[in-house]
Protein chains: 2
Amino acid sequence: VESDTDLWERAVASDRADPLAPFLERFVPLYPGVVYLDGNSLGRPPRDTLEHLTEVMAEEWGRGLIGSWDHWAELPFLVGDEIGIGLLGARPGEVLVSDSTSVNIYKLVMAALPARPGRRVLVIEEDNFPTDHYVLAGIARRHGLTVRTVPVDIDAGMQLSDLESRLDDEVALVCLSHVGYRSGALLDMAAITDLVHSVGALALWDLCHSVGVVPTDLTGAGADLAVGCTYKYLNAGPGAPAFLYVRAELGQSLEPPIWGWFGQVDQFAMEAAYRPRPGIGRFLVGTPPVPAIYAVRDGVRLTLEAGVDALRRKAMNLTDFVIYLADQWLVPLGFGVASPRQSGRRGAHVTLAHRRARQLRDELAALGVITDFRTPERIRVGPAPLACSFADVYTALIRLRDLAGA
Amino acid sequence: VESDTDLWERAVASDRADPLAPFLERFVPLYPGVVYLDGNSLGRPPRDTLEHLTEVMAEEWGRGLIGSWDHWAELPFLVGDEIGIGLLGARPGEVLVSDSTSVNIYKLVMAALPARPGRRVLVIEEDNFPTDHYVLAGIARRHGLTVRTVPVDIDAGMQLSDLESRLDDEVALVCLSHVGYRSGALLDMAAITDLVHSVGALALWDLCHSVGVVPTDLTGAGADLAVGCTYKYLNAGPGAPAFLYVRAELGQSLEPPIWGWFGQVDQFAMEAAYRPRPGIGRFLVGTPPVPAIYAVRDGVRLTLEAGVDALRRKAMNLTDFVIYLADQWLVPLGFGVASPRQSGRRGAHVTLAHRRARQLRDELAALGVITDFRTPERIRVGPAPLACSFADVYTALIRLRDLAGA
């Protein structure tokens with residue numbers, strides 16, 4: 001067993017060698033002494049975002065006024081492409097910033113159903129994020145469909161064979177999270193999408209917990225549909241608008257369920273009949289939230305500046321360090337590692353199980369160390385690689401040790 | 001005919017007597033010489049909004065971090081009530097800030113349909129706003145319903161008798177704009193809602209062009225459902241979140257079509273089964289856009305500070321002045337007044353018809369006078385009473401006269 005001092009030295013040396021360390025200064029500073037390991041729930045405000053937002057509000061809105069719509073109208077597409085091309089391996093015009101993740105799941109599932117006529121089953125992994133479950137359940141109830149769930153080990157993530165056993169030619173669509181919100185388990189998007197396609201179904205990927213920290217190749221994987229939020233690793237702010245992806249080959253054939261004026265081909269002609277835009281734009285509905293999309297842009301640009309490959313490497317190292325310290329300090333105190341142990345099999349957070357997890361999470365927070373509680377009795381440790389250091393991980397885990405061992 | 005000087009004196013005297021004049025200073029200033037008469041499309045940024053937004057971003061988001069959700073989660077309800085109780089005659093818990101107007105129309109129509117089982121007809125006025133038409137058409141197409149349109153004189157607004165002739169016991173819901181986007185015609189909400197109820201249908205009111213400038217009594221009128229945007233007279237910013245209203249007596253019986261995690265009764269329990277919140281909260285879907293809702297709050301508070309009755313009086317006076325000047329200067333040049341002439345029958349904008357409206361609107365804009373073009377060949381003059389003066393109206397119309405008469 002290494003001494004506390006040796007482990008601290010290890011943290012300090014990792015931070016010294018970290019090429020992304022300068023990015024820690026790009027965020028609005030925390031209160032002194034606070035350690036924030038919950039960027040997987042809510043990222044932090046980049047300094048650039050605050051500066052630009054004030055400019056946008058005063059200049060583009062306050063003085064550009066209604067005329068600014070000439071360029072604002074393009075923002076959902078431009079920032080969509082920055083996300084899609086820069087982070088997701090999408091092609092131009094396949095990603096759109098709009099609405100919330102939940103509304104986007106609804107729009108895509110409802111658009112997908114008529115593309116798979118006669119198929120009455122939606123498949124979802126048992127431990128997918130609640131809102132994904134809710135949206136599918138609501139659609140199923142209203143439209144007489146069946147939701148079939150894939151059993152999942154909540155610490156290890158879904159097995160391909162378990163998915164396979166739930167697939168047949170009744171399945172219209174499969175909804176999966178690229179990285180599980182609870183365990184952090186990372187799925188093999190290409191292999192799973194192939195499997196889904198083998199029964200003729202469509203694959204809808206929820207990228208909320210992977211975008212910005214896991215390099216993703218939607219095109220290479222053959223993914224059909226995807227959604228994701230921007231308020232976690234992309235640091236776009238609480239309730240920031242989400243994005244959606246539709247593979248270009250599908251785009252023209254899918255009919256959006258909610259026909260809104262921003263999805264209309266020539267919106268300001270105020271035509272009587274709705275004709276959807278030719279591409280991804282048909283999935284716009286109401287007026288896009290301009291200042292919020294600028295915040296998305298700034299968050300995405302900071303991520304692109306760091307580089308998603310470098311962020312992935314750092315996230316693997318940070319989460320490896322979480323597990324290394326947990327093995328030294330926490331497992332002997334009754335903790336379990338409730339995430340895959342191989343860094344290649346998880347996203348950017350590690351979940352620790354302990355019978356007093358909720359209480360310990362609260363006690364940690366009282367010491368200024370912010371993590372996240374998730375049922376059943378789990379602490380999520382999410383050292384977002386753009387905004388966290390190895391010293392942060394050390395500080396959090398030694399405090400957790402001292403609390404749990406007291 | 002009065003001289004230009006006499007009319008200018010009249011404008012100056014009106015501004016001097018205007019109790020709301022101090023509010024002109026509460027907005028981010030325009031470029032010198034700009035006259036903005038398009039607040040009916042996009043309001044202007046209040047100074048308070050910019051200040052508070054920077055605070056919210058740095059303090060509540062940057063330092064409060066994930067813990068701020070403890071109070072952020074209440075914002076859609078709190079700001080909803082400020083709008084509902086303060087501006088719409090709603091009772092507590094009947095208004096919610098969420099999503100866009102278009103998405104809210106979709107949610108409410110889809111929720112209303114099962115409450116009127118067997119009825120397969122949606123009714124809409126012919127000249128309602130395009131997105132209202134599109135949303136209803138999309139629902140009708142997908143669910144095998146019929147949309148019945150009420151013919152409307154586009155300059156005078158809908159007649160009660162024309163609506164009456166389209167109503168029968170097949171009608172599930174009637175969707176109308178309180179103030180028409182083109183003509184500015186103001187409908188009699190109470191009389192029309194009574195008529196709609198007389199055939200057992202539900203009334204959905206679009207308040208986009210009336211909220212903040214027309215005192216509204218949803219409770220007194222017996223309105224069932226309503227939606228509205230906040231980026232026009234409420235000055236909440238481009239693409240700011242919208243609101244929705246559901247009469248309390250209906251709230252518990254309506255099932256939202258999009259089941260999202262913020263509509264779930266105990267969201268952070270992350271339960272497997274969706275159970276909707278007991279009241280209006282079931283119409284929340286995804287994560288609420290926090291900074292944008294704060295901007296709504298600040299816009300609403302500025303409106304409440306001025307008082308909607310005072311705003312109504314000023315709007316009537318401003319639009320009367322538009323018509324007065326138009327009669328003196330513009331009608332002789334071939335313009336028509338394409339709005340109701342009685343101030344009690346219109347909202348806060350006046351529409352002027354002219355065969356070269358588009359070109360004149362562009363030429364006006366080049367002189368720094370911002371109005372709005374709408375088909376067919378109409379200029380909308382929208383002197384938002386919180387942010388415009390009588391001198392603004394004078395300046396705009398004399399320039400229009402000089403352009404049209406040249």
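In the predicted model, a total of 21 aromatic pairs is found over all chains. One of these joins Trp261(A) and Phe262(A), whose ring centres lie 5.2 Å apart and whose planes meet at 85°, so that the pair is classed as edge-to-face, the angle being over 60 degrees. Both partners are shielded from solvent by the criterion applied here, Trp261(A) being buried and Phe262(A) likewise. A contrasting geometry is given by Trp259(B) and Tyr274(B), with centres 4.6 Å apart and planes at 10°, so this pair counts as stacked, the angle being under 30 degrees. Trp259(B) and Tyr274(B) are each placed in the loop between helix 10 (248–251) and helix 11 (290–306) of chain B, and the pair therefore ties together parts that are 15 residues apart in sequence. Trp259(B) and Tyr274(B) are also both buried.

Ring pairs further connect residues of both chains into a cluster, which consists of Trp69(A), Trp72(A), Trp261(A) and Phe262(A) together with Phe129(B) and Tyr181(B). Aromatic rings are also met by charged side chains from the other chain: the charged end of Arg63(A) is positioned over the ring of Tyr31(B), at 5.7 Å from its centre, and Arg63(B) lies over the face of Tyr31(A), where the distance to the ring centre is 5.7 Å.

The largest nonpolar core comprises 209 residues, and the members with the most contacts inside this core are Leu163(A), Trp205(A), Leu163(B) and Trp205(B). When neighbours within four places in sequence are left aside, the contacts of Trp205(A) include Leu176(A), Ser177(A), His178(A), Leu187(A), Met189(A) and Ile192(A), and also Thr193(A), Ala223(A), Leu225(A), Ala226(A) and Val227(A).

At the level of the whole chain, the secondary structure of chain A amounts to 14 helices and 13 strands. The radius of gyration of chain A is 22 Å, close to the 22 Å given by the globule rule for 406 residues, so chain A is as compact as a globular protein of that length. Along the principal axes, the C-alpha atoms of chain A fill a box of roughly 70 × 60 × 35 Å. Among the 406 residues of this chain, 65% count as buried, and of the contacts in chain A with a separation of 6 or more, 71% are made by residues 24 or more positions apart.

Helix 5 of chain A, formed by residues 101–112, contains 12 residues and spans 16 Å from its first C-alpha to its last, which is close to the 16 Å expected at 1.5 Å a residue. This helix is mostly covered, with 12 of its 12 residues buried; among them are the polar or charged residues Thr101(A), Ser102(A), Asn104(A) and Lys107(A), as well as Val103(A), Ile105(A) and Leu108(A).

Two further buried positions were examined individually. Arg374(A), in strand 12 (residues 372–374) of chain A, is buried, with a relative accessible area of 8%. Apart from neighbours within four places in sequence, Arg374(A) is in contact with Ser41(A), Tyr181(A) and Arg380(A), and with Met270(B) of the other chain. Ala357(B), located in helix 13 (residues 357–366) of chain B, counts as buried because its relative accessibility is 0%, under the 20% cut-off. Not counting residues up to four places away in sequence, Ala357(B) touches Phe373(B), Glu377(B), Arg378(B) and Ile379(B), whereas Cys175(B), 182 residues from Ala357(B) in sequence, is 29 Å away in space, C-alpha to C-alpha.

Conventions:
Residues numbered from 1 in each chain as written. Chains lettered and ligands numbered in written order. Predicted model: local features only at pLDDT ≥ 70, side-chain atom pairs only at ≥ 80, totals over all residues. Heavy atoms only, no water. Phe/Tyr/Trp six-rings, centres within 6.5 Å; stacked < 30°, edge-to-face > 60°. Buried < 20%, exposed > 50% of the residue type's maximum accessible area, 1.4 Å probe, protein only. Helix = DSSP H or I, 4+ residues; strand = E, 2+ residues; numbered from the N terminus. Lys NZ or Arg CZ within 6 Å of the ring centre and 35° of its normal. Core = buried A, V, L, I, M, F, W, Y, C linked by side-chain atoms within 4.5 Å. Contact = heavy atoms within 4.5 Å. Expected span 1.5 Å × (residues − 1). Rg over C-alpha atoms; globule rule 2.2 N^0.38 Å.
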